[in-house]
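Trainee: I would like to go through this structure step by step. Please give the reasoning before each result.

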Amino acid sequence: MSLASRSIDRPKLYRFAGDSLRLALLLVDPDTGAPFDPTGQVLLFTLKDDPTADDTAAIVQKISTVGGFTVTAAAAGAVDLQLVPADLAQLVVGVAYECDVQAQDAGTGAVKTVARFTLTLSQDVTRLTSL
């Protein structure tokens, strides 16, 4: 599922507990509304149950310099975010978690929020973790 995000539009994503997740995200420049090219940027994904809490209270954080992000079409602002079951082990089914992606320019240090959305997990039926 692809999504575009602006500060006034927070898409809602629904996935199943226990699954590995690949979130196809479209990054948007909050100043222009145009696709945000992540070339030369460090991306930081944060998931919290309370968006006003300090980042030390984040349940999940992923930074592009150590994996988790794959740029699929830079000029279009398209990236994939990979989350594994261990990343989501603390999440409660049915709760809408606040998520964002910030980009920091590697040269200037300027920071922009380029995606914002909620993620809610539904209970899966199959409980096996290997087949």
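**Strands, core and salt bridges**

Mentor: One point before we start: this is a predicted model. Buried residues make up 37% of the 131 residues in the protein chain.

Trainee: How many helices and how many strands are there in the protein chain?

Mentor: From the N terminus on, every element in the run is a β element: β-β-β-β-β-β-β-β. The count for the protein chain is therefore 0 helices and 8 strands.

Trainee: In what order do the strands of the open sheet lie?

Mentor: The open sheet has 5 strands, and their pairing is mixed. Its twist averages 25° from one strand to the next. The order is 1-8-7-3-4.

Trainee: Which strands stand at the edges of that sheet?

Mentor: An edge strand has a single partner strand, so one side of it is left without a neighbour in the sheet. The strands in that position are strand 1 (12–16) and strand 4 (60–63).

Trainee: What is the bridge partner of Leu 44 in strand 7?

Mentor: Strand 3 covers residues 41–48 and strand 7 covers residues 96–105. The two pair in the antiparallel sense over 8 bridges. In strand 7, the partner of Leu 44 is Gln 102.

Trainee: Which strand supplies the largest share of the largest nonpolar core?

Mentor: That core has 26 residues, and those touching the most other members include Phe 45, Leu 83 and Val 101. Strands 2, 3, 6, 7 and 8 each supply at least two of its residues. The largest share is 5 residues, and it comes from strand 8.

Trainee: Is strand 6 mostly covered or mostly exposed, and how many of its residues are buried?

Mentor: Strand 6 is joined to strand 2 by 6 bridges, with the two running antiparallel. Strand 5 (residues 69–73) also pairs with strand 6 in the antiparallel sense, over 4 bridges. Strand 6 is mostly covered, and the number of buried residues is 5 of 6.

Trainee: Which residue in the turn between strand 5 and strand 6 has a positive phi?

Mentor: Strand 5 and strand 6 form a hairpin, with 4 residues between them. Among the bridge pairs of these strands is Phe 69 with Leu 81. The turn residue with a positive phi, about 75°, is Gly 77.

Trainee: Which residues are linked with Lys 112 in a network of salt bridges?

Mentor: Lys 112 in strand 8 has a closest N and O distance of 3.0 Å to one partner, and 3.1 Å to another. Both partners lie in the loop between strand 2 and strand 3, one of them 83 residues from Lys 112 and the other 81 residues away. They are Asp 29 and Asp 31.

Trainee: Are Asp 29 and Asp 31 buried or exposed?

Mentor: Buried means under 20% relative accessible area and exposed means over 50%. Asp 29 has a relative accessible area of 12%, so Asp 29 is buried. Asp 31 has 61%, so Asp 31 is exposed.

Trainee: With which residue does Asp 87 form a salt bridge?

Mentor: Asp 87 is in the loop between strand 6 and strand 7, and at 18% relative accessibility Asp 87 counts as buried. The partner is in strand 4, so the pair ties together parts that are 25 residues apart in sequence. The partner also counts as buried, at 17% relative accessibility. With the closest N and O atoms 3.0 Å apart, the partner of Asp 87 is Lys 62.

Terms used
Residues are numbered from 1 along each chain as its sequence is written. This is a predicted model: local features need pLDDT of at least 70, side-chain atom pairs count only at pLDDT 80 or more; totals for chains, interfaces and linings use all residues. Side-chain values use heavy atoms; hydrogens and water are left out. Buried means under 20% relative accessible area, exposed over 50%, partly exposed in between (1.4 Å probe, protein chains only). Two strands pair if DSSP finds at least two bridges between them. Axes are lines fitted to C-alpha atoms, for helices over the stretch in contact, and angles run from 0 to 180 degrees between N-to-C directions. A nonpolar core is a set of buried Ala, Val, Leu, Ile, Met, Phe, Trp, Tyr and Cys residues joined through side-chain atoms within 4.5 Å. A salt bridge is a side-chain nitrogen of Lys or Arg within 4 Å of a carboxyl oxygen of Asp or Glu.
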